[in-house]
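Subject: Model for your files

Hello,

Here is the model I said I would pass on. My notes come after it.

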Amino acid sequence: MPTRPVEKCRKFQSAVLEETIARLHKKIADPDLFRLFENAYPNTLDTAVLWTGFAWENGSTSTFTDEDLAFVITGDINAMWLRDSANQILSYLPLLEPSNSTQSIAALFRGIINLHSRYIKISPYCHAFQPPPESKIPIGTNYAYHRNVVKPPYDAQRTYDCKWELDSLASFLQISSEYYNSTGDMGPFIKYRWAEAVGVILDAVEAMRTATYTPDGECESA
């Protein structure tokens, strides 16, 4: 059975995660079941959190704010899917508690909420996005880009792929709610782009309620 990456190769280190694995080692009697848990539960932190850091000040490419950002991939593509990244991190909800540490699960949740807010403002109709420029991670190439016909068109330098998925926007609201319910921390919601992103979501959902066809059977314009 495959094992976890060695410690120096793990993308995100979490003391509370390691304590949880050690504690459950004493609780799970079946060695095969424990090995499965030991390898699977930390997998997102070990392999998919490609970068954590802070947002730049507006207009700067060198001065950072205190706004946490976290870029989380789903497979082998350097792009961040809204729904997938939220659901991956929600696996660690039982470990979430208030913390200002940059190596905490709370910082990871904040980083995803803040980056999702940015992405949704870029395009609420899209579902997968390029790495933030602060990360210095090279943007990915979507070889289907030129075959896609998307209205309104999207910027491939910032957006990796564009498909309308209501559950992508809902996942942002879910992870936001879960973070607040677990920590009581209002910081991500009042200091940065969160309220603006929610406004964009509401506008997009209202726009998508428009019928596809006119009463006489003609296709509505996009």
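The notes below cover helix packing, the core, salt bridges and one backbone angle.

Please keep in mind that this is a predicted model.

Helix packing

I began with helix 4 (residues 82–90) and helix 5 (residues 105–122), whose axes come within 11 Å and cross at roughly 170°. Angles over 145 degrees count as roughly antiparallel, and the two helices are therefore roughly antiparallel to each other. On the helix 4 side the contact is made by Leu-82, Ser-85, Ala-86, Ile-89 and Leu-90. On the helix 5 side, the residues they meet are Leu-108, Phe-109, Ile-112, His-116, Tyr-119 and Ile-120. Sorted by class, this contact of helix 4 with helix 5 comprises nine nonpolar and two polar residues, with no charged ones.

The buried residues of helix 4 are Leu-82, Ser-85, Ala-86, Gln-88, Ile-89 and Leu-90. Besides helix 5, the buried residues of helix 4 pack against helix 3 (43–48), strand 2 (64–72), strand 3 (80–81), strand 4 and helix 6.

Nonpolar core

The largest nonpolar core holds 48 residues, of which Leu-45, Phe-71, Phe-109 and Ile-175 touch the most other members. Helix 5 supplies the largest share of this core, nine residues. Phe-109 also appears in the list of helix 5 residues that meet helix 4.

Salt bridges

The count of salt bridges comes to 15. Three of the pairs are worth going through.

Within helix 2 (residues 31–40), what separates Glu-38 from Arg-35 along the chain? They are three residues apart, which means about one helical turn. Their side chains meet in a salt bridge, at 3.6 Å from N to O. Glu-38 is partly exposed, at a relative accessible area of 23%, and Arg-35 is partly exposed too, at 34%.

Arg-83 and Asp-167 form another salt bridge, with their closest N and O atoms 2.9 Å apart. This pair links distant parts of the chain, since Arg-83 is in helix 4 and Asp-167 is in helix 6 (residues 166–183), 84 residues apart. The relative accessible area is 26% for Arg-83, which is partly exposed. Asp-167 is partly exposed as well, with a value of 36%.

In the third pair, Glu-134 forms a salt bridge with Arg-118, and the closest N and O atoms are 2.7 Å apart. It also links distant parts of the chain: Glu-134 sits in the loop between strand 4 (128–129) and strand 5 (159–161), while Arg-118 belongs to helix 5, 16 residues apart. Are these two residues buried or exposed? Both Glu-134 and Arg-118 are buried.

Apart from these pairs, Arg-4, Arg-10, Glu-18 and Asp-46 are joined into one network by salt bridges that share partners.

Backbone

The loop between strand 4 and strand 5 also contains Lys-136. The phi angle of Lys-136 is near 65°, which is a positive value in a residue other than glycine. Lys-136 is exposed, with a relative accessible area of 63%.

If you look at one region of the model, I suggest starting from helix 4, as its residues enter both the contact with helix 5 and the salt bridge of Arg-83 with Asp-167.

Regards

Note on methods
Residues are numbered from 1 along each chain as its sequence is written. This is a predicted model: local features need pLDDT of at least 70, side-chain atom pairs count only at pLDDT 80 or more; totals for chains, interfaces and linings use all residues. Side-chain values use heavy atoms; hydrogens and water are left out. Axes are lines fitted to C-alpha atoms, for helices over the stretch in contact, and angles run from 0 to 180 degrees between N-to-C directions. Helices (H or I, at least four residues) and strands (E, at least two) are DSSP runs, numbered from the N terminus. Angles under 35 degrees count as roughly parallel, over 145 as roughly antiparallel, 65 to 115 as roughly perpendicular and the rest as oblique. Contact means heavy atoms within 4.5 Å. Ala, Val, Leu, Ile, Met, Phe, Trp, Tyr, Cys and Pro count as nonpolar, Asp, Glu, Lys and Arg as charged, and the others, Gly among them, as polar. A nonpolar core is a set of buried Ala, Val, Leu, Ile, Met, Phe, Trp, Tyr and Cys residues joined through side-chain atoms within 4.5 Å. Buried means under 20% relative accessible area, exposed over 50%, partly exposed in between (1.4 Å probe, protein chains only). A salt bridge is a side-chain nitrogen of Lys or Arg within 4 Å of a carboxyl oxygen of Asp or Glu.
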